[in-house]
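Got a protein model open and not sure where to start looking? Let's walk through it together, one question at a time.

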Amino acid sequence: MDNPNLRKEVDSRRTFAIISHPDAGKTTITEQLLLFGGAIRQAGTVKGKKTGNFAKSDWMEIEKQRGISVTSSVMQFDYDDKRVNILDTPGHEDFSEDTYRTLMAVDSAVMVIDSAKGIEAQTKKLFQVVKKRGIPIFTFINKLDRDGREPLELLEELEDLLQIESYPMNWPIGMGKGLEGLYDIYNERIELYRPENYGGERLIPLNQAGEIPADHPFRGSGQYDQVLEEVELVKEAGDSFDRKKIARGEQTPVFFGSALTNFGVQTFLETFLEFAPSPYAHKTETGEEVSPYEPEFSGFVFKIQANMNPAHRDRIAFVRICSGTFERGMDITLERTGKKMKLSNVTQFMADARENIQEAVAGDIIGVYDTGNYQIGDTLFEGKLKVAYEELPSFTPELFMKVQAKNVMKQKSFHKGIQQLVQEGAIQMYRTYLTDEYVIGAVGQLQFEVFQYRMKNEYNAEVVMTPMGHKIARWIDPEQLDEKMGSSRNILARDRFDQPLFLFENQFAERWFADKYPDVKLKSLM
Ligand code: GDP
């Protein structure tokens with residue numbers, strides 16, 4: 001039973017995340033995109049951190065201090081006939097497993113790179129997660145208005161460090177103070193940075209020979225001949241444009257531009273929207289796929305934001321809709337427990353006043369107010385659809401703390417709190433083999449702060465956390481476990497499923513172990 005209306009709505013969705021290292025320009029480009037979509041009226045709206053815009057909201061204390069808000073978790077706007085959902089991937093001190101999990105809820109990703117810095121640590125980590133999913137990855141090389149590295153060198157770095165083919169959709173004409181424009185290979189035109197210097201037109205179409213009209217003033221500039229040569233070279237030496245590879249995330253279309261001066265951003269947006277996929281069919285636990293056009297609603301929880309309102313201990317469960325249409329007040333089943341629930345208290349993320357009349361379909365995100373029913377990875381479905389979506393992966397933590405109850409009399413609430421927060425996916429937990437101490441693991445510092453805050457406020461259990469120097473967790477096959485393998489250079493522990501792992505201080509310690517026990521395979525999570 002195909003519903004043409006639903007199909008049309010779903011096909012218009014473009015749901016993606018921007019992955020980048022802090023300061024590459026993610027916020028700046030996001031704002032430009034929102035401006036194009038008419039979702040905000042002035043730049044500087046997204047980063048409430050700097051303006052204190054969020055002071056009047058009642059998010060939990062940590063969020064207030066950091067200015068994270070549920071309103072910037074998902075940003076939705078319309079552009080042409082597309083409905084765009086940008087999912088935020090908090091970085092820096094706000095980095096957490098939720099940042100990774102958000103990448104499980106998108107259909108494509110945009111990688112923003114600083115042209116002077118190239119690929120940085122956090123970009124690489126996030127890239128690996130996206131790459132494993134095999135979804136399209138688009139690259140925006142930013143800050144062209146500053147002197148950066150040679151474009152060719154940046155493309156080579158993409159291939160070397162990330163092992164992905166690249167195809168330049170456009171090519172810079174100069175950079176920094178000498179930036180003149182972009183040779184837009186894909187759209188066959190030149191986009192001038194300062195059109196006023198060359199007759200006023202910003203976009204100059206190219207003829208079949210790939211040239212601009214003979215009488216155009218830009219022809220006289222020294223840079224024109226140079227860019228023709230460069231583009232010729234790139235076309236000959238580089239990979240050819242391959243839609244299939246792009247769709248599988250094996251080739252990344254690369255765009256150059258400058259987010260701050262809003263140069264090349266609109267071209268990027270329009271070309272991106274043309275290529276970025278509409279919502280995919282999602283895989284279930286049993287490997288089947290649910291079509292996004294399936295009329296009955298289903299979705300999964302990929303993130304839980306806790307304690308939005310300390311007085312009520314409310315949380316918001318972020319649900320990626322995988323099929324059908326969400327309607328306010330609809331009845332759904334929570335797959336894990338079989339419990340029937342009504343979806344009434346729900347936030348949608350349309351960034352303007354039309355919020356209430358929009359319908360959400362496959363590809364969209366809704367925020368469900370939760371009093372403790374949901375866990376990360378949960379599936380929700382309508383009627384008889386009865387699906388369970390694939391489990392979300394766990395990510396290898398890189399920060400570890402020993403944790404104890406501050407008050408020994410509160411052991412019971414301490415244990416209960418830890419159990420529940422671990423189950424919910426807020427933090428990972430291990431116990432050391434020898435001393436049976438609790439160790440918690442996270443991918444970002446924020447997770448520890450949220451953990452400490454929630455233990456105190458929700459479970460009335462103050463905790464003492466002691467940082468450990470260990471940064472690398474590696475799992476081993478239980479059959480290969482020998483307690484003698486523990487040493488001063490590592491800590492042997494078990495995870496909550498009783499699987500053994502080692503915590504190493506650094507790569508040196510890991511290598512030392514690998515040399516000593518060459519037959520023991522050291523595994524990481526995703
Ligand atoms: P985020 O941490 O990735 O969100 O980065 P921001 O968008 O906050 O940008 C970091 C800094 O780089 C800010 O000072 C921006 O003004 C600046 N910036 C962003 N894009 C550009 C650009 O295209 N050119 C220049 N010169 N600076 C930029």
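Q: Which helix gives the largest share of the shell around the ligand?
A: This is a predicted model, where local features need pLDDT of at least 70, side-chain atom pairs count only at pLDDT 80 or more, and totals for chains, interfaces and linings use all residues. Residues are numbered from 1 along each chain as its sequence is written. Three residues of the shell come from one helix (a DSSP run of H or I, at least four residues, numbered from the N terminus). That helix, spanning residues 26–36, is α2.

Q: Which residues come nearest to the ligand?
A: There are 15 residues around the ligand, counting a residue as near if its C-beta atom, placed from the backbone, lies within 6 Å. The nearest ones are Gly25, Lys26, Thr27, Thr28 and Leu260.

Q: How many residues of the shell around the ligand are charged?
A: Asp, Glu, Lys and Arg count as charged; Ala, Val, Leu, Ile, Met, Phe, Trp, Tyr, Cys and Pro as nonpolar; and the others, Gly among them, as polar. Sort the shell that way and you get four nonpolar and six polar residues. The charged ones number five.

Q: In the open sheet of four strands, which are the edge strands?
A: Strands here are DSSP runs of E, at least two residues, and two of them pair if DSSP finds at least two bridges between them. The order is β7-β8-β9-β10, with antiparallel pairing. An edge strand pairs on one side only, and here these are β7 (170–173) and β10 (203–205).

Q: Which residue in β9 stands opposite leucine 182?
A: Strand β8 (residues 181–184) and strand β9 (residues 189–192) are antiparallel partners, joined over four bridges. Opposite leucine 182 you'll find glutamate 191.

Q: In the open sheet of seven strands, which are the edge strands?
A: This sheet is antiparallel too, ordered β18-β17-β22-β14-β15-β21-β19. The two that pair on one side only are β18 (339–343) and β19 (346–347).

Q: What is the bridge partner of threonine 333 in β22?
A: Strands β17 (residues 330–334) and β22 (residues 379–381) run antiparallel, with two bridges joining them. The partner of threonine 333 is phenylalanine 381.

Q: What radius of gyration does the protein chain have?
A: It's taken over C-alpha atoms, and the globule rule is 2.2 Å times the number of residues to the power 0.38. With 526 residues, a compact globule would come out near 24 Å, so the chain's value agrees: 25 Å.
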